[in-house]
Amino acid sequence: MKFFIDTANLDQIKEAQDLGILDGVTTNPSLMAKEGITGHDNIMKHYVNICNIVDGDVSAEVISTDFEGMVREGEALADLHEQIVVKLPMIKDGIKACKYFTDKGIKTNLTLVFSAGQALLAAKAGATYVSPFIGRLDDISTDGLNLIAEIRMIYDNYGFETEILAASIRHTMHVIDCAKLGADVMTGPLSSITGLLKHPLTDIGLEKFLADYNKGN
Ligand code: G3P
């Protein structure tokens with residue numbers, strides 16, 4: 001399972017990268033705005049800064065909603081750095097743009113996916129990643145994890161190579177449940193990754209080992 005961090009915060013990206021287990025980064029316009037990164041030039045520079053910290057794929061989202069605009073923006077984003085993945089919204093022109101970039105050998109991430117049918121279309125268009133938003137489904141009393149299971153079954157039935165990127169992950173149990181269901185990638189906040197470290201018995205056990213070692217010294 002690949003671990004992506006879902007943030008535009010450079011300190012948090014560095015912290016996850018330093019752990020040695022980070023495979024990539026996802027961002028979106030809201031996450032950029034949260035860090036105070038606004039304006040086209042600043043956003044473009046920020047993507048390059050992120051790429052310079054991590055080794056893996058960095059999803060950069062277009063804001064156009066028409067095919068021509070998505071192609072123009074996506075090409076500019078892909079030109080920024082070889083690690084950039086063009087993130088496209090799950091709408092009709094997003095699917096068309098996905099096929100366009102697939103044919104050009106440019107990686108894509110279809111975002112704002114909330115149904116198995118949308119995920120099937122993303123795979124048909126050759127998306128590198130599909131991003132089902134599990135937390136936002138949970139928010140409206142709909143089982144986000146069930147969507148991961150449905151997409152896994154459909155992709156396995158036909159051998160689609162699109163990777164299931166479980167997004168809108170909010171906590172550690174989402175990560176573990178997605179791993180059980182066979183999601184290829186998780187993306188979530190730093191806390192959803194570092195939270196996996198925690199167990200009180202680890203802390204108690206370590207404290208005792210150190211205390212026992214020190215008895216002889
Ligand atoms: O990766 C998608 C993510 O950015 C959305 O997360 O927590 O805003 O639903 P959230």
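Which side chain has an N or O atom 2.7 Å from an oxygen atom of the ligand, as Asp-6 or another residue might? Select the ligand and Asp-6 together: the side chain of Asp-6 places an N or O atom 2.7 Å from a ligand oxygen.This is a predicted model in which local features need pLDDT of at least 70 and side-chain atom pairs count only at pLDDT 80 or more, while totals for chains, interfaces and linings use all residues. Residues are numbered from 1 along each chain as its sequence is written, and side-chain values use heavy atoms, with hydrogens and water left out.

**Around the ligand**

Stay with the ligand and extend the selection to the residues around it, counting a residue as near if one of its heavy atoms lies within 4 Å: these are Asp-6, Asn-28, Leu-31, Phe-133, Arg-136, Ala-167, Ser-168, Arg-170 and Thr-187. Two further side chains are worth showing as sticks, since a polar contact is a pair of N or O atoms within 3.5 Å. Asn-28 has a side-chain N or O atom 2.8 Å from an oxygen atom of the ligand, and for Arg-136 the corresponding distance to a ligand oxygen is 2.7 Å.

**Helices α3 and α4**

Next select residues 40–53, which form helix α3, and residues 67–80, which form helix α4; their axes come within 10 Å and cross at roughly 40°. Helices here are DSSP runs (H or I, at least four residues) numbered from the N terminus, and their axes are lines fitted to C-alpha atoms over the stretch in contact, with angles running from 0 to 180 degrees between N-to-C directions. The crossing angle makes α3 oblique to α4, because angles under 35 degrees count as roughly parallel, over 145 as roughly antiparallel, 65 to 115 as roughly perpendicular and the rest as oblique. Met-44, Tyr-47 and Val-48 of α3 meet Ala-76, Leu-77 and Leu-80 of α4, where contact means heavy atoms within 4.5 Å. The residues of this contact divide into six nonpolar, no polar and no charged.

**Helices α4 and α5**

Keep α4 displayed and add residues 92–103, helix α5: the axes of α4 and α5 come within 9 Å and cross at roughly 45°, and the two helices are therefore oblique to each other. On the α4 side the contact is made by Phe-67, Met-70, Val-71, Gly-74 and Glu-75, and on the α5 side by Asp-93, Gly-94, Lys-96, Ala-97, Tyr-100 and Phe-101. These residues divide into six nonpolar, two polar and three charged.

**Helices α8 and α9**

Now move to residues 144–158, helix α8, and residues 172–181, helix α9, which pack at an angle of about 20° with their axes 10 Å apart. That makes α8 roughly parallel to α9. Leu-145, Ile-148, Ala-149 and Arg-152 of α8 make the contact with His-174, Asp-177, Cys-178 and Leu-181 of α9, a set that divides into five nonpolar, one polar and two charged.

**Ile-154**

For the last stop, remain on helix α8 and select Ile-154, which is found there. Leaving aside neighbours within four places in sequence, Ile-154 is in contact with Ala-116, Leu-120 and Phe-160. A C-alpha to C-alpha distance drawn from Ile-154 to Ala-125 spans 15 Å in space, the two being 29 residues apart in sequence.

How values were computed: Nonpolar A, V, L, I, M, F, W, Y, C, P; charged D, E, K, R; others polar. Polar contact = N/O pair within 3.5 Å; in protein donor to acceptor, adjacent residues only side chain to side chain.
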